[in-house]
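Me: Hello! I am new to this structure and would like a close look at one part of it, with enough of the surroundings to find my way.

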Amino acid sequence: LALSTCLSCVKDDARDGQGDGTLGELTVMLSADSAAGAVTVKSEEEHSAEVPAELIPALDEFEVEVYKDEEGTEKLRLYRDTYANSVGKIIRLNTGKYRLLAQHGDSLGCGFGKPYFVADRSFELTPEDPKQSVSATAMLGNVMLDVAYSENVPGSYYDWYVIVRHQDHKKKSLKFTKDETRPGFIPGGNVVVEFYADLT
């Protein structure tokens, strides 16, 4: 998933004495890669796995936000709407530094079928650089997990399952039964893996 924005500056009359009269116009455009499973997750060992195509959301379902990104303006959100309502819309901004965020899903989501996608990009709108284009990539923002067993497990146990627990978010855990084939999703961080087996 690719996120691109087009920026341009226009001169306008200063309003309410704010700024120097230079305003910017932000237009937000999202586009999808031609390969449905193009979003990948790589571990330290460089193994990669594609997010199943059916779990990649439609572009219209993304939420778009614009934040002021200057000292003293922490979490000052200037715009928020769905991509469906934002596409093609001109968002007027004063010159300055901003952060563009496009996301889908719950950043702390945990479970099967719960991927979180996010594109996060800072940009600056200046009178000296009136025409810009800014691009970012929406990537998986949580971690996709599956469980692989050694060859001796099926022959050694009657039943078994694995629980993956997040150390920082105690209520976040995934349970993989022996027949589970779906990928699970959990917030990034330290996890504990527990293996339970029944010999009978």
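Which residues does Leu93 touch, not counting residues up to four places away in sequence?

Reply: Happy to help! Please keep in mind that this is a predicted model. Leu93 touches Leu23, Gly24, Leu26, Val66, Leu78, Tyr98, Phe123 and Leu125, once residues up to four places away in sequence are set aside.

Two of those names, Leu26 and Val66, come up again in the core. The largest nonpolar core has 22 residues, and Leu26, Val66 and Leu93 are the ones that touch the most other members. The elements that give two or more residues to this core are strand 2 (22-31), strand 5, strand 7 (90-94), strand 8 and strand 10. Strand 10 provides the largest share, four residues. As a general background, nonpolar side chains in soluble globular proteins tend to be buried together.

Some of these strands are also paired with each other. Strand 5 (residues 63-68) runs antiparallel to strand 8 (residues 96-104), and six bridges hold the pairing. Here you can pick up Val66 again: Leu100 in strand 8 stands opposite Val66. Strand 8 is in turn joined to strand 10 (residues 117-125) by nine bridges, again in the antiparallel sense. Within that pairing, Ala102 has Ala119 of strand 10 as its bridge partner. It may help to recall that strands of a sheet pair through backbone hydrogen bonds, either parallel or antiparallel.

For a sense of the whole chain, there are two helices and 17 strands. Of its 200 residues, 34% count as buried. Among contacts with a separation of 6 or more, 62% are between residues 24 or more positions apart. The accessible surface of the chain is about 12000 Å², and carbon and sulfur atoms account for 46% of that.

Now let us step away from Leu93. Another core, of six residues, lies apart from the largest one, and its members include Val162, Val164, Leu174 and Phe176. To place some of these residues, look at the open sheet of three strands in the order 15-14-17, where the pairing is antiparallel. Its edge strands are strand 15 (173-177) and strand 17 (191-198), each pairing on one side only. On average, neighbouring strands of this sheet are turned by 15° against each other, direction ignored. Strand 14 (residues 159-166) is joined to strand 15 by five bridges, and the two run antiparallel. Val164 has Leu174 in strand 15 as its bridge partner, and both residues are among the members of the six-residue core.

Tyr149 gives you another way into this region. You will find Tyr149 in the loop between strand 13 and helix 2 (153-156). Tyr149 counts as partly exposed because its relative accessibility is 28%. Leaving aside neighbours within four places in sequence, Tyr149 is in contact with Trp160, Val162, Phe176, Thr177, Lys178 and Phe195. Tyr149 and Lys178 are 29 residues apart along the chain, and their C-alpha atoms are separated by 9.2 Å.

There is one further sheet to find. It is an open sheet of three strands with the order 9-16-13 and antiparallel pairing. Strand 9 (111-112) and strand 13 are at the edges with a single partner strand each, so one side of each has no neighbour in the sheet. Three bridges join strand 13 to strand 16 (residues 184-186), and Met144 stands opposite Phe185 in strand 16.

Phe185 also leads to Asn142. Asn142 sits in the loop between strand 12 (139-140) and strand 13 (143-145). With 5% relative accessibility, Asn142 counts as buried. Not counting residues up to four places away in sequence, Asn142 touches Gly109, Lys114, Pro115, Tyr116, Phe185, Ile186 and Pro187. Two polar links can be followed from the side chain of Asn142: the backbone oxygen of Lys114 is reached at 3.0 Å, and the backbone nitrogen of Tyr116 at 3.1 Å.

A last stop is Ile56, in the loop between strand 4 (48-50) and strand 5. Ile56 is buried, with a relative accessible area of 17%. Ile56 and Leu140 are 84 residues apart in sequence, while the distance from C-alpha to C-alpha is 9.7 Å.

Technical notes: Residues numbered from 1 in each chain as written. Predicted model: local features only at pLDDT ≥ 70, side-chain atom pairs only at ≥ 80, totals over all residues. Heavy atoms only, no water. Buried < 20%, exposed > 50% of the residue type's maximum accessible area, 1.4 Å probe, protein only. Polar contact = N/O pair within 3.5 Å; in protein donor to acceptor, adjacent residues only side chain to side chain. Contact = heavy atoms within 4.5 Å. Pairing = 2+ DSSP bridges. Axes fitted to C-alpha atoms, helices over the stretch in contact; angles between N-to-C directions. Core = buried A, V, L, I, M, F, W, Y, C linked by side-chain atoms within 4.5 Å. Areas by Shrake-Rupley, 256 points an atom, 1.4 Å probe, with all protein chains shown as cover.
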